[in-house]
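Reader: Could you walk me through this model? I will ask as I go.

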Amino acid sequence: RQDKTRQDKTKQPPPSLTMAISSSARQLGPSIGRSLGVTREASLPLRASAATRRLLEALKLPSSSSSSNHSNNHSKDARRHMSIMDRYRKLRPAPEPQDKPWTAPKDEPAGPSEEAPHSSSSSSAPADLSSWQPKRGLAYTRAPLPQEVRFCTFQPPIQPANPRMLRVGLAGPPNAGKSSLLNAILEAPISAISPKVNTTRDGLRGIKTHGNVQLVFLDAPGIIPSHDRKFNRDLVTKAWRGFNECDVCLLVIDVVKRPTQEVFDVVRRMCPKDDLRDSELRRRLKAADEVGMDMPSVWLPPGATPLGDGLDSGPLEEAAPHRPPVILVLNKIDMAEEFRWVLSRQKEFTAQGYFDGIFYVSAKKDQGLEKLVSHLQERAPPRPWVYPADLRTDLPHTEQIKQMVSTYLFKWFNSDVPYKLEQQTVGWTPRLDGSLLIEHEIITEDSVVARMVLGVRNTIVTRLSDQVSYKLKKLWGMDVDLKIWVRPLKQRWSLKDRGLAPNEADRKKKSQAAYRKRQHLGKAANKK
């Protein structure tokens, strides 16, 4: 009797259940709030949606007030024994676990049956084997490097009418802009460029063909050693070899940088000025040629013999066939504040040597290049072509990748890190969509340098791959995906790995002590 009177007095569920479902009722609307026994103040006046109807169907609650009291009492009893998670599972049931791609279908046995050995092979084999294999993306195996990628191969060129060809050598001190000038003339990033000296380690050739004239540029390392080391002496030897092989030499000089005495010594060796004896001989020979008279020996200086008589040549012609003419190219004129500084630099070099021509260019801004190229085309002698008209360089594809990667390595890393890195191309895989997958490897000295090249979370090597891929796409005219791997030759722990790295406080103390020491030395020097 007490239970009956309590049920008559209270028409709402217990307070705990009311508090638990009040938040759900606010979200689902006033209709579900009334059906669950929550007051109007606890529920928000939201519009009933499809989620409300699905919850009513899942809980089997009445959707209107016309339901019988028996059904209401039954639903209230069911709600008292149901938690919020049970309602959520009924509203949004969990998806059924899907079969793994390598498991057998449910309608077929997991393994071979016992009658399989006695039956025929055709009946035991499944009709479709794709359901037995895991669903993975298309995979490519690394293909070896083809022969035409490792070596530069081409067919003999088709000779035009009246072909002309000129071999042009690029010489000058280190970091004068020789490689930048070559890339600007060829309009392609063939050679590696950076602010550091000796970026060009080996000589390379660039070809520019226009009409019936072909210009072959020989880019060599700096002709002056930057350091007194063995590899620098080897680079200087390669530079002089390129100077002797060319028909015309372009002496590239940095206008902004002040030349040293070593530069002037090289200028005197490449294009020495005539002394008084040679200049007088040249003047008399020119005067005799204009008059058209025979050249008597009395006209010549003592010790000189007439030319063209089958006798030994004079001192003027002894070294002329072995020394190509030199053209002075003053580079980086865009960095000079006033043009008078460029003229003063010109006077310094013309006082040290004899030049066949002087040009003012800026490889970075493409200034003065047209006049230089047209002058070289006019000097080209009649000669058959050596390379095809569409070829830009004799470097193979793997070497072109090395040059582009070296450009960013020399720009981004300081000290001797870029000079000690080695490179090699290990994969060359054409894809089905027409693109090309190239796998390139950078070999470092140890694991500490490898982490420097990789960067934090591989940011540096990822950026390097994107930059080089974009340049190769423009150069080759096809989609290129370059993957760069870094491989250390040995493992090494740094001071930070061993916990021996100095902290910031110690560094500040050392810097302050060094500063006080410099001040003390300066004061002592001033007193003296």
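**Starting from one residue**

Author: This is a predicted model, and a good place to begin is R164, which counts as partly exposed, at 24% relative accessibility.

Reader: Where does R164 sit in the fold?

Author: R164 belongs to strand β1, which covers residues 164-171.

Reader: And what does R164 touch, leaving aside neighbours within four places in sequence?

Author: R164 is in contact with N212, V213 and Q214, with Q377, E378 and A380, and with P381, P382, R383 and W385. Its C-alpha atom is also separated by 6.2 Å from that of P384, although the two residues are 220 apart along the chain.

Reader: Stepping back, how many helices and strands are there in the protein?

Author: The protein has 18 helices and nine strands. Of its 528 residues, 36% are buried, and the accessible surface comes to about 34600 Å², with 53% of that belonging to carbon and sulfur atoms.

Reader: What share of the contacts between residues at least 6 apart in sequence join residues at least 24 apart?

Author: That share is 69% for the protein.

Reader: Back to the strands, then: in what order do they come in the open sheet?

Author: The open sheet has six strands in the order β2-β3-β1-β4-β5-β6, and the pairing is mixed. The edge strands are β2 and β6, each of which pairs on one side only, and neighbouring strands are turned by 25° against each other on average, with direction ignored.

Reader: Which pairs are parallel or antiparallel, say β2 with β3, β4 with β5?

Author: β2 and β3, the latter spanning residues 213-219, pair in the antiparallel sense over seven bridges, and L204 has D219 in β3 as its bridge partner. By contrast, β4 and β5 pair in the parallel sense over six bridges, with N331 of β5 as the bridge partner of D254. The pairing of β5 with β6 is also parallel, over four bridges, and there L328 is bridged to I358 of β6.

Reader: Why is β5 described as largely enclosed by the rest of the structure?

Author: β5 is largely enclosed because six of its six residues are buried, and for this purpose buried means a relative accessible area under 20%. V326, L328 and L330 point one way from the strand while I327, V329 and N331 point the other way, and all of them are buried. That fits a general pattern, in which the side chains of a regular strand alternate between the two faces of the sheet.

Reader: Which strands does helix α11 lie across?

Author: Helix α11, residues 261-270, lies across β1, β4 and β5, and runs at about 165° to β4. Helix α13, residues 339-350, packs on the sheet too, touching β4, β5 and β6, and its direction makes about 155° with that of β6.

Reader: Changing topic to pockets: how much space lies in the largest one, and which residues lie nearest its centre?

Author: About 750 Å³ of space lies in the largest pocket. Its lining consists of 39 residues, of which G177, S179, S180, I193 and S194 lie nearest the centre.

Reader: Which element supplies the largest share of that lining?

Author: The largest share is five residues, and it comes from α9. Both α9 and α15, the latter covering residues 397-412, supply at least two residues each.

Reader: I always check backbone torsions; what is phi for E187 and for D366?

Author: Phi of E187 is near 60°, a positive value in a residue other than glycine, and D366 likewise has a positive phi of about 60° without being a glycine. As background, most residues other than glycine have a negative phi.

Reader: Where are E187 and D366 found?

Author: E187 lies in the loop between α9 and β2, whereas D366 is in the loop between β6 and α14. E187 counts as exposed at 66% relative accessibility, and D366 is exposed as well, with a relative accessible area of 52%.

Reader: One last residue: is S447 buried or exposed?

Author: S447 is buried, with a relative accessible area of 11%. S447 lies in helix α16, residues 447-454, and, not counting residues up to four places away in sequence, touches P488, K490, Q491 and R492.

Note on methods: Residues numbered from 1 in each chain as written. Predicted model: local features only at pLDDT ≥ 70, side-chain atom pairs only at ≥ 80, totals over all residues. Heavy atoms only, no water. Buried < 20%, exposed > 50% of the residue type's maximum accessible area, 1.4 Å probe, protein only. Contact = heavy atoms within 4.5 Å. Areas by Shrake-Rupley, 256 points an atom, 1.4 Å probe, with all protein chains shown as cover. Pairing = 2+ DSSP bridges. Axes fitted to C-alpha atoms, helices over the stretch in contact; angles between N-to-C directions. 1 Å grid on protein atoms, 1.4 Å probe; cavity = no way out; pocket = protein on both sides within 12 Å on 5 of 7 lines; lining within 4 Å. Points joined across faces, edges and corners; volume = space filled by probe spheres on them.
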